[in-house]
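These are my notes from going through a single model, written down in the order in which I looked things up. I begin with one helix and work outwards from there.

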Amino acid sequence: MEADVLTAELFAIRQALAYLNTTYTCTRAVIYTDSLSSLHLLFSRRPASSTVLAHTLQRLLLYLTSVGWEIALQWVPSHCNIRGNEVAEAAAKVALFEVNITPSRCHSPPPSV
């Protein structure tokens, strides 16, 4: 079960990065997450080989920074009465249990990376 939650958290970060890449011109962005395990995985030198999504995110982050983005990933504690966090947490649980969210194959950044 924990692996499913981690995959969902990583997929959400991937979607945020993809949104930045396709919607905005290069600038600064902060992506907030309450998934400390996702951040540890993304910034470890050698993520577990089973986490293809983590490798894809690392490549996407490298690509975005190489084309001029300044991106920060910021951890926020969960379940601490932070306005909006409880709503986001509830929505994530609904999405995990009631919606079939099978991540599609993640596209790699352009070959120049």
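Entry 1, the third helix. I listed the buried residues of H3 and found Leu53, Ala54, Thr56, Leu57, Gln58, Leu60, Leu61, Tyr63 and Leu64. I keep in mind throughout that this is a predicted model. As background to reading such a list, I noted that an α-helix has 3.6 residues a turn, so residues three or four places apart point the same way. I then checked the length of H3, which covers residues 52–66: at 1.5 Å a residue its 15 residues should span 21 Å, and the end C-alpha atoms are indeed 21 Å apart, so the expected and the computed span agree. After H3 comes Gly68, and I recorded for Gly68 a positive phi, near 115°.

Entry 2, one residue of that helix. I picked Ala54, which is found in helix H3, and asked myself whether Ala54 is buried or exposed. Ala54 counts as buried because its relative accessibility is 0%. I also looked up the separation between Ala54 and Arg14, which are 40 residues apart along the chain, and found their C-alpha atoms 9.0 Å from each other.

Entry 3, the overall layout. I counted four helices and two strands in the protein, and reading along the sequence I obtained the pattern α-β-α-α-β-α. Of the 113 residues in the protein, 29% are buried. Taking the contacts with a separation of 6 or more, I found that 74% of them are between residues 24 or more positions apart.

Entry 4, the strands. Strand E1 takes in residues 28–33, and I saw its side chains alternate: Ala29, Ile31 and Thr33 point to one face and are buried, whereas Arg28, Val30 and Tyr32 point to the other and are not. E1 runs parallel to strand E2, residues 70–75, and six bridges join the two. Following one of these across, I found that Tyr32 has Gln74 as its bridge partner in E2.

Entry 5, the salt bridge. How many salt bridges does the count come to? The count comes to one salt bridge. I located it between the side chains of Arg28 and Glu70, with 3.4 Å from N to O. Arg28 lies in strand E1 and Glu70 in strand E2, so this pair ties together parts that are 42 residues apart in sequence. I looked up the accessibility of both partners: Arg28 counts as exposed because its relative accessibility is 64%, while Glu70, at 46%, counts as partly exposed.

Entry 6, Thr33 and its surroundings. Thr33 has its place in strand E1 and, at 6% relative accessibility, counts as buried. A polar atom of the Thr33 side chain lies 3.0 Å from the backbone nitrogen of Ser35. Leaving out residues up to four places away in sequence, I listed the residues that Thr33 touches as Glu9, Ile13, Leu39, Gln74, Trp75 and Val76. I also noted a C-alpha separation of 8.7 Å between Thr33 and Ser78, which are 45 residues apart along the chain.

Entry 7, Glu9 from the other side. I turned next to Glu9, which lies in helix H1, residues 2–23. Its relative accessible area is 19%, and since buried means under 20%, Glu9 counts as buried. Apart from neighbours within four places in sequence, Glu9 is in contact with Thr33, Asp34, Ser35 and Ser38.

Entry 8, the aromatic rings. I noted that a pair of aromatic rings is described by the distance of the centres and the angle of the planes. The count for this model comes to one aromatic pair. The ring centres of Tyr19 and Tyr24 are 5.8 Å apart and their planes stand at 75°, so I entered the pair as edge-to-face. Tyr19 is partly exposed, with a relative accessible area of 46%, and Tyr24 is likewise partly exposed, with a relative accessible area of 45%.

Terms used
Residues are numbered from 1 along each chain as its sequence is written. This is a predicted model: local features need pLDDT of at least 70, side-chain atom pairs count only at pLDDT 80 or more; totals for chains, interfaces and linings use all residues. Side-chain values use heavy atoms; hydrogens and water are left out. Buried means under 20% relative accessible area, exposed over 50%, partly exposed in between (1.4 Å probe, protein chains only). Two strands pair if DSSP finds at least two bridges between them. A polar contact is a pair of N or O atoms within 3.5 Å; within protein, one must be able to donate a hydrogen and the other to accept it, and residues adjacent in sequence count only if both atoms are side-chain atoms. Contact means heavy atoms within 4.5 Å. Rings of Phe, Tyr and Trp (its six-membered ring) pair if their centres lie within 6.5 Å; planes under 30 degrees apart count as stacked, over 60 as edge-to-face and the rest as tilted. The expected span of a helix is 1.5 Å times one less than its number of residues. A salt bridge is a side-chain nitrogen of Lys or Arg within 4 Å of a carboxyl oxygen of Asp or Glu.
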